[in-house]
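I opened a fresh page for this one and kept my notes short. Here is what I looked up, in the order I got curious.

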Amino acid sequence: MTLQYIKRCGDSFIACAAQGIKGEVGLESAKDRRTLFNYCFYGSVKITEPFGNSIKTIDGKKGQLVDVKEFLGKTVVYEFLEDTHTFGFNLGRDSKDDWSGKLIEKNVGLQVTKKSILVCLDGSPIVNGKTLSRYDYDELLTTKSYDIDLKTDGVLALFTVV
């Protein structure tokens, strides 16, 4: 991979981002593989376990949050099909939690009932009057409600402990 970024975000999760050039191939060892979800800003990347049958293609044109839990704790190979930029939501080092993930697709009033994290993936959505930028995140409180305005370009991901 041309560029890779990893940041521990409190005790709950680790965020990663990778940028690759078309044709590049990367390897991630089983001991480091903690990614639960991927989002592709642009481009596309194929992920597979060596000698396995499962292949996932993450495509930026689709604007989807992709569940990649099947590769958790396994050695994986990446092949960048185009110039690509991706985001990964990863388990914290000592975490055994299972998480669900979804994109927030419309302006809503949000109330969470379990441990949840909101991550801005793109644009400048507004949450409770605060304008967010890419990679801003917050651990949400069950005692608080959140007014979300995606504006025209906001992409927010909500991750919740199952």
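**Entry 1: a residue to start from**

Leaving aside neighbours within four places in sequence, which residues is T131 in contact with? I looked, and the list reads S124, P125 and I126. A reminder to myself before going further: this is a predicted model.

I then placed the residue: T131 belongs to strand β14, which covers residues 130-131. Its relative accessibility is 47%, so T131 counts as partly exposed. Out of curiosity I also checked T131 against T75; they lie 56 residues apart in sequence, and their C-alpha atoms are 38 Å apart in space.

**Entry 2: stepping back to the whole chain**

I counted secondary structure next and found zero helices and 17 strands in the protein. The radius of gyration came out at 16 Å, close to the 15 Å that the globule rule gives for 162 residues, so the protein is as compact as a globular protein of that length. Along the principal axes, the C-alpha trace spans about 45 × 35 × 25 Å.

How much of the protein is buried? My note says 44% of the 162 residues. The exposed area is about 8600 Å², and carbon and sulfur atoms supply 50% of it. I also checked how far contacts reach along the chain: among those with a separation of 6 or more, 72% are between residues 24 or more positions apart.

**Entry 3: the five-stranded sheet**

I traced an open sheet of five strands in the order β1-β2-β9-β4-β7, with antiparallel pairing. Which strands stand at the edges? They are β1 (3-9) and β7 (65-67); each has a single partner strand, so one side of each is left without a neighbour in the sheet. On average, neighbouring strands here are turned by 20° against each other, direction ignored.

I zoomed in on one edge. Strand β1 runs antiparallel to β2 (residues 13-20), and seven bridges join the two. For Q4, I found the bridge partner in β2 to be A18.

**Entry 4: the four-stranded sheet**

Another open sheet has four strands in the order β3-β8-β5-β6, and its pairing is antiparallel. Its edge strands are β3 (25-28) and β6 (55-59), each pairing on one side only. Here too I noted an average turn of 20° between neighbouring strands, direction ignored.

I followed two of the pairings. Strands β3 and β8 pair in the antiparallel sense over four bridges, with L27 standing opposite V77 of β8. Strand β5 (residues 44-48) is joined to β8 (residues 76-80) by four bridges, again antiparallel, and I47 stands opposite Y78.

Which way do the side chains of β3 point? They alternate: G26 and E28 point to one face and are buried, while V25 and L27 point to the other face and are not buried. For context, I jotted down that side chains in a regular strand alternate between the two faces of the sheet.

**Entry 5: the nonpolar cores**

The largest nonpolar core has 20 residues, and I listed the ones that touch the most other members: Y39, F87, F89, W99, L121 and F159. The elements that give two or more residues to this core are β2, β4 (35-42), β9 (84-91), β10 (99-104), β12 (116-122) and β17 (155-161).

I picked L121 for a closer look. Not counting residues up to four places away in sequence, L121 touches Y39, F41, F87, L103, R134, V155 and A157. There is also a second, separate core of 13 residues, which includes C120, V127, L140 and I148.

**Entry 6: two positive phi values**

I went hunting for backbone oddities. Most residues other than glycine have a negative phi. N128 is not a glycine, yet its phi is positive, about 50°. N128 sits in the loop between β13 (126-127) and β14, and its relative accessibility of 37% makes it partly exposed.

Where is Y135? I found Y135 in the loop between β14 and β15 (137-140). Its phi is near 75°, a positive value in a residue other than glycine. With a relative accessible area of 33%, Y135 is partly exposed.

How values were computed:
Residues numbered from 1 in each chain as written. Predicted model: local features only at pLDDT ≥ 70, side-chain atom pairs only at ≥ 80, totals over all residues. Heavy atoms only, no water. Pairing = 2+ DSSP bridges. Axes fitted to C-alpha atoms, helices over the stretch in contact; angles between N-to-C directions. Rg over C-alpha atoms; globule rule 2.2 N^0.38 Å. Buried < 20%, exposed > 50% of the residue type's maximum accessible area, 1.4 Å probe, protein only. Contact = heavy atoms within 4.5 Å. Areas by Shrake-Rupley, 256 points an atom, 1.4 Å probe, with all protein chains shown as cover. Core = buried A, V, L, I, M, F, W, Y, C linked by side-chain atoms within 4.5 Å.
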